[in-house]
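Work through the exercises below with the model open. Each task is followed by a worked solution.

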Amino acid sequence: MRPTAKDLAEAAGVSLATVDRVLNERPNVSPKAARLVNDAIERIGFVRNPAAVSLARNKLYRFLFLLPGSGDLYLTELRRHVEELTAALKGDLTEITCRQIATDDAHGVAKLLSSLDKESVDGVAVMAPESPQVRDAMARLLERNIKVVQFLSGQEKLPEADFVGIDNFAAGATAGKLMGMLAGPQPGKVLVIAETMQSLDSIQRRLGFDQVINRAFPHLTCLPSIETHADEARTRQVIGRVLAGNRDVSGIYVLSAEARVPILAAAGNVELSGIAVVVHERTPFTEQALRDELIDAVIAQDPGHAVRSAIRIMRARSDAREPLAAQEKIRIEILLKENL
């Protein structure tokens with residue numbers, strides 16, 4: 001059995017009250033008594049219970065989610081899961097706040113991050129495109145002992161901050177494999193659509209996708225990435241123009257999280273039944289599009305799992321514990337009409 005506080009008091013030769021004061025960092029403990037308790041902790045293998053310590057201190061965990069201000073159905077799913085956990089964890093001394101940010105304004109995001117202080121927040125999960133300004137602001141948060149989770153979109157050269165999300169290079173490579181299998185053996189072009197290529201996840205997905213297509217399916221030619229910038233009118237215009245100039249498109253890959261607007265724009269210009277279509281993220285639209293055979297495959301990551309993992313990681317870091325890596329791993333899921 002695990003040693004108890006009573007066992008620890010006996011091993012240290014002090015009272016149970018003294019052990020309680022040392023474990024919960026309460027005042028009126030002599031240096032000698034603290035040393036005796038800490039030495040006994042190492043000697044008998046006593047393991048602190050962070051939840052019990054937090055309860056004893058009446059500690060409140062304060063976590064902040066920063067999500068993009070622009071988005072469609074997948075962003076709605078993320079917000080729904082954050083709101084569900086905000087309500088569910090109130091009784092667990094966890095306060096969660098969600099704010100939306102203009103992710104195309106790197107200086108604005110960095111300014112917001114710089115304004116956060118340890119007195120108001122313990123951890124922050126940030127979903128923002130890669131930029132030097134945001135990366136440096138996140139690094140400064142870590143220096144101020146505010147826990148940081150890179151949420152679904154990472155920052156290059158910031159390994160000290162935890163990351164929650166799928167392996168985006170592998171996700172892109174998976175999309176390439178599916179595209180090659182679905183598009184068939186005839187030569188053709190693949191239209192690649194992104195919200196922005198400034199985000200690290202988009203870059204990694206495109207690299208993984210191109211690597212597989214170039215190696216295993218050289219009869220397919222990948223066109224330069226189209227950037228929609230989450231602008232519906234721009235999306236319709238640019239996709240219509242590219243499809244009009246490339247009548248031999250045999251595949252469409254939407255590598256960003258929001259597929260509804262790009263797919264409807266493409267469907268307004270060409271018949272999708274003869275084109276292989278691969279997109280990311282499970283939403284009400286992509287589910288229905290699979291059933292209607294408007295798209296062929298969805299590469300997904302569970303948004304609920306991602307939100308829960310971010311909270312567990314921030315809480316573990318706040319308690320000076322290592323997160324359970326296996327529990328927080330977000331897996332790549334492939335959805336077809338047949339396995340919905």
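**Exercise 1.** Sort the lining of the second largest pocket by residue class, then place this pocket in the predicted model.

*Solution.*
- Step 1. Take the classes. The lining of the second largest pocket has 10 nonpolar, 8 charged and 4 polar residues.
- Step 2. Find the centre. Of the 22 lining residues, F163, V164, G165, I166 and D167 lie nearest to it.
- Step 3. Assign elements. β5 (162-164), α8 (168-183), α9, α13 (303-318) and α14 (325-328) each give at least two residues to this lining.
- Step 4. Add the volume. The second largest pocket holds about 370 Å³.

**Exercise 2.** Describe the largest pocket by volume, lining and class.

*Solution.*
- Step 1. Its volume is about 680 Å³.
- Step 2. The lining of the largest pocket counts 33 residues. P68, T103, P129, E195 and T196 are the ones nearest the centre.
- Step 3. α5 (73-88) and α9 (200-216) each supply at least two lining residues.
- Step 4. By class, this lining splits into 14 nonpolar, 12 polar and 7 charged residues.

**Exercise 3.** Which residues of the largest nonpolar core touch the most other members? Trace the contacts of F65 as well.

*Solution.*
- Step 1. The largest nonpolar core has 46 residues. F65, F151, F209 and Y253 touch the most other members.
- Step 2. Set aside the neighbours of F65 within four places in sequence. F65 then contacts V82, I96, T97, C98, R99, A125, F151, V307, A310, I311 and M314.
- Step 3. Look for another core. A second, separate one has 27 residues, including V277, V279, I295 and A300.

Definitions and conventions. Residues are numbered from 1 along each chain as its sequence is written. This is a predicted model: local features need pLDDT of at least 70, side-chain atom pairs count only at pLDDT 80 or more; totals for chains, interfaces and linings use all residues. Side-chain values use heavy atoms; hydrogens and water are left out. On a 1 Å grid over the protein atoms alone, a cavity is a set of points where a 1.4 Å probe fits but cannot get out, and a pocket is an open set with protein on both sides within 12 Å along at least five of seven lines; lining residues have an atom within 4 Å of a point. Grid points are joined across faces, edges and corners, and a volume is the space filled by probe spheres set on the points. Helices (H or I, at least four residues) and strands (E, at least two) are DSSP runs, numbered from the N terminus. Ala, Val, Leu, Ile, Met, Phe, Trp, Tyr, Cys and Pro count as nonpolar, Asp, Glu, Lys and Arg as charged, and the others, Gly among them, as polar. A nonpolar core is a set of buried Ala, Val, Leu, Ile, Met, Phe, Trp, Tyr and Cys residues joined through side-chain atoms within 4.5 Å. Buried means under 20% relative accessible area, exposed over 50%, partly exposed in between (1.4 Å probe, protein chains only). Contact means heavy atoms within 4.5 Å.
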